Amino acid sequence: MSNLPGTVHSAHEGAWQVAEHGCQVLSWQADDKPVIWFDAEHADESDVVIRGGIPLCAPWFGHGPNNDQDPQHGLARRTDFSVTMADPFQVVGTAETAAIGIRHQVVMTKNALEMTLTLTNHDEVPRTVEGMWHSYLRVGDSAQARVQGVKGADWRNFATGDEGSFDTDELVMAPDTDTVIQGVGPALTLVDPVWGRNIHLATTNCPSAVVWNPRSASGIADTPTAQAWRDFVCVETGVCKDNAVTLDPGADLVATTTITVTSL
């Protein structure tokens, strides 16, 4: 395994893992198959960023709602959290970044992976925040995967510049998929026909979603992540861009995402 920053907490012989760095989920299995994509041999995106798993993008996503924030995808995934453990496998991480308090609770059971993100404005002035779970979900073949639960939502593909609204309930994976979805409902499903299963994401206070895969129409795959494009689809949930939230001093944003798996 590549050298990861900080401590990794694990259970079920390493099938469940959460890193203290970024309070980032690295693995969770259901029915003896991985639900989270994580390549331990190529886990270092940079010295301070772990590739794969479920990076936590906060207190901003991308470069922020006004495209003026650095580093990309916020400070949370670059920060060592203060972590407490509980039984059953529960990890609660807290951190402070740019006057925004971050609390991330992860609970893993045999049937569900539950995540709760709380962002608190500790500044003396209103602050606009974003928070997204950048979930790398393991599939048998991303070229055959599709995401359901999007009908009526607005979308923009940042890889192609195309935009519109969904008149059907399904987004089929294709080359150059980097699609931000706004106004999405509380239930998304990633259909994985090769492994014969549905991966469900049930959310609260998550009006935004991003569906991404590094497959390129040019066929260029110059990073380990891009080369592994068939193995995962990122279905990201939370609040971002047009749905960014302005918090008054002392106010909280609380969002949840629960992942479960059923057979087709």
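**Briefing: cysteines, backbone and surface charge**

The structure holds zero disulfides, a disulfide being a pair of cysteine sulfur atoms within 2.5 Å. This is a predicted model, in which local features need pLDDT of at least 70, side-chain atom pairs count only at pLDDT 80 or more, and totals for chains, interfaces and linings use all residues. Residues are numbered from 1 along each chain as its sequence is written, and side-chain values use heavy atoms, with hydrogens and water left out.

**Cysteines**
- For Cys23, the closest cysteine sulfur belongs to Cys57 at 14 Å, which is too far for a bond.
- Cys57 also holds the closest cysteine sulfur to that of Cys234, and here the 9.5 Å between them is again too far for a bond.
- Cys23 is buried, with 0% relative accessibility, and Cys234 is buried at 0% as well; buried means under 20% relative accessible area, exposed over 50%, and partly exposed in between (1.4 Å probe, protein chains only).

**Backbone points to look at**
- As background, most residues other than glycine have a negative phi, and most peptide bonds are trans.
- Ala58 and Pro59 are joined by a cis peptide bond with omega of about 0°, and Pro59 sits in the loop between strand E8 (56-57) and strand E9 (82-86).
- Strands (E, at least two residues) and helices (H or I, at least four) are DSSP runs, numbered from the N terminus.
- Asn67 is found in the loop between E8 and E9 too; its phi is positive, near 60°, though it is a residue other than glycine.
- Asn67 is exposed, with a relative accessible area of 60%.
- Another cis peptide bond runs from Asp87 to Pro88, with omega near 5°, and Pro88 lies in the loop between E9 and strand E10 (90-97).

**The loop between E24 and E25**
- Lys241 is in this loop and has a positive phi of about 50°, although it is not a glycine.
- The relative accessible area of Lys241 is 25%, so it counts as partly exposed.
- Asp242 belongs to this loop as well, between strand E24 (232-239) and strand E25 (245-247), and is exposed, with a relative accessible area of 72%.

**Surface charge**
- Asp242 joins Asp154, Asp162 and Glu163 in a negative surface patch.
- Patches are made of residues with over 30% relative accessible area and no salt bridge, with like charges joined within 9 Å and nonpolar side chains (Val, Leu, Ile, Met, Phe, Trp, Tyr) within 5 Å.
- A salt bridge is a side-chain nitrogen of Lys or Arg within 4 Å of a carboxyl oxygen of Asp or Glu.

Conventions: Accessible areas come from the Shrake-Rupley method with a 1.4 Å probe; for residues, only the protein chains shown count as cover. Lys and Arg count as positive and Asp and Glu as negative; His and the chain ends are not counted. The place of a charge is taken as NZ of Lys, CZ of Arg, CG of Asp or CD of Glu.
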